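Please open the structure in your viewer and keep the selection panel at hand. The tour below proceeds one selection at a time.

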Amino acid sequence: MPTVIRLPCADGAITPYTLRDSVAWSRPAAPIRSRVAYAAAHVVCDPLADADPLTTAPIDWEATLAYRRHLWSYGLAVAEVMDTAQRGMGLGWPAARELISRTLDDARTAGGIVACGAGTDQLAPNDARTLSDIENAYEEQVEWVESHGGRVILMASRALARVARTPDDYRRVYGRVLRQLTQPAILHWLGDMFDPQLTGYWGTPDIAEAMNVCLSVIDEHRAKVDGVKISLLDADREIEMRRRLPAGVRMYTGDDFNYDRLILGDDCGHSDALLGIFDAIAPAASAALQALDACDLDAYRAALGPTVPLSRYVFIRPTYAYKTGIVFLAYLNGHQTHFRMIGGAESWRSVPHLSKLFRLADAAGLLLDGELAAERMRRVLAVAGIT
């Protein structure tokens, strides 16, 4: 018998929904070759910790690390302590530091690939007065990542966005930090739709000019840059920048609206991936990349195409609230026993929004056990008074 659940709609009506048959996604038998693909991984909070979730960020370490092993099992690399992990929105540097060391230890046992975010978020707003303050903060975090054997993702800095006055200030800070790296880093350009405090990053509100500044940093420090991840949700901008990158520097798409065509690429090249949505769609993303390895474009599109409407809805404005949808989908699929988040972020999306995510995930074949997902959805609805 098919599983049926009554779900609320945006207009307030509650209607029956019949789930499709579950999809059996295959895990790769060998490493994925055609693209480098990082999933920015979420964290699982400890719902029984008697602590202030806004400042202490209590983490369920077992469930959090188990999810990284889930991602590795599908052939994906893990981008650790990024914004998907609520970095800067509940996950502070002390917890991030511990998560970096734990994940890197786990990766050595599991054979997983990891890159870790290094930023300046240990600085309180009033403590970042000069560029030297920001450089020192970056260096502290970079040293922690590299001393534990990790590769650095150089995160965009709210402190730098506050203190810098010109593009040359960005060139100075990035230059000093990049020169000290022991292995090439991934630069991370996060648009203001993800974090309004990063408005005007690279020293200008003009995106074309900001791109020129970022490219000048990459050109000057080519040997210390593996690639750049941009999250502007603008496919044309990404393609333009991708075509201007120096040879050998990767473009990692952070475009959760258009990743299917950006990863596929065109006659002039393709993007690799560093995506928050890959946390939620790992089985389908892996299947698509396996198909790409086999040069089966139809299978690539069949696996990844249906995930795009889901991703676009997960990342609907306010974009920063996408983390709620990521954790919600992990809960539906049995990767954690609860739908609780650091800082109470489970409340950032409405019940009708979560209900539509349920439908879209099912349409993409990403509710891996329909009966389990329906039972867990009923629990969420019951908390909202819907039976």
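Select helix α7 together with β7 (185–190), α6 (207–220), β8 (225–231), β9 (250–253) and α8 (259–264): these are the elements against which the buried residues of α7 pack. Please bear in mind that the model is predicted.

Now restrict the selection to α7 itself, residues 235–244, and display the side chains of Ala 235, Glu 238, Ile 239, Met 241 and Arg 242, which are buried. These residues lie on the same side of α7, because they cover an arc of only 165° around the axis.

Next, add Asp 234, which caps the N-terminal end of α7. One of its side-chain oxygens lies 3.2 Å from the backbone nitrogen of Asp 236.

Turn then to the largest nonpolar core, which has 131 residues. Which of its residues touch the most other members? They are Tyr 174, Tyr 201 and Phe 278. Select Tyr 201 and display its surroundings: leaving aside residues up to four places away in sequence, Tyr 201 touches Tyr 138, Met 155, Ala 156, Ser 157, Leu 160, Ala 161, Tyr 170, Tyr 174, Trp 189 and Ala 210. Apart from the largest core lies another, of 11 residues, including Ala 77, Ala 79, Ile 153 and Met 155.

Finally, select the cysteines. How many disulfides does the structure hold? The number is zero. For Cys 295, the closest cysteine sulfur is that of Cys 268, at 19 Å, so the two are too far apart for a bond. Cys 295 is exposed, at 67% relative accessibility, whereas Cys 45 is buried, with a relative accessible area of 7%.

Conventions: Residues are numbered from 1 along each chain as its sequence is written. This is a predicted model: local features need pLDDT of at least 70, side-chain atom pairs count only at pLDDT 80 or more; totals for chains, interfaces and linings use all residues. Side-chain values use heavy atoms; hydrogens and water are left out. A nonpolar core is a set of buried Ala, Val, Leu, Ile, Met, Phe, Trp, Tyr and Cys residues joined through side-chain atoms within 4.5 Å. Buried means under 20% relative accessible area, exposed over 50%, partly exposed in between (1.4 Å probe, protein chains only). Contact means heavy atoms within 4.5 Å. A disulfide is a pair of cysteine sulfur atoms within 2.5 Å. Helices (H or I, at least four residues) and strands (E, at least two) are DSSP runs, numbered from the N terminus. The arc is that of the directions from the helix axis to the C-beta atoms. A polar contact is a pair of N or O atoms within 3.5 Å; within protein, one must be able to donate a hydrogen and the other to accept it, and residues adjacent in sequence count only if both atoms are side-chain atoms.
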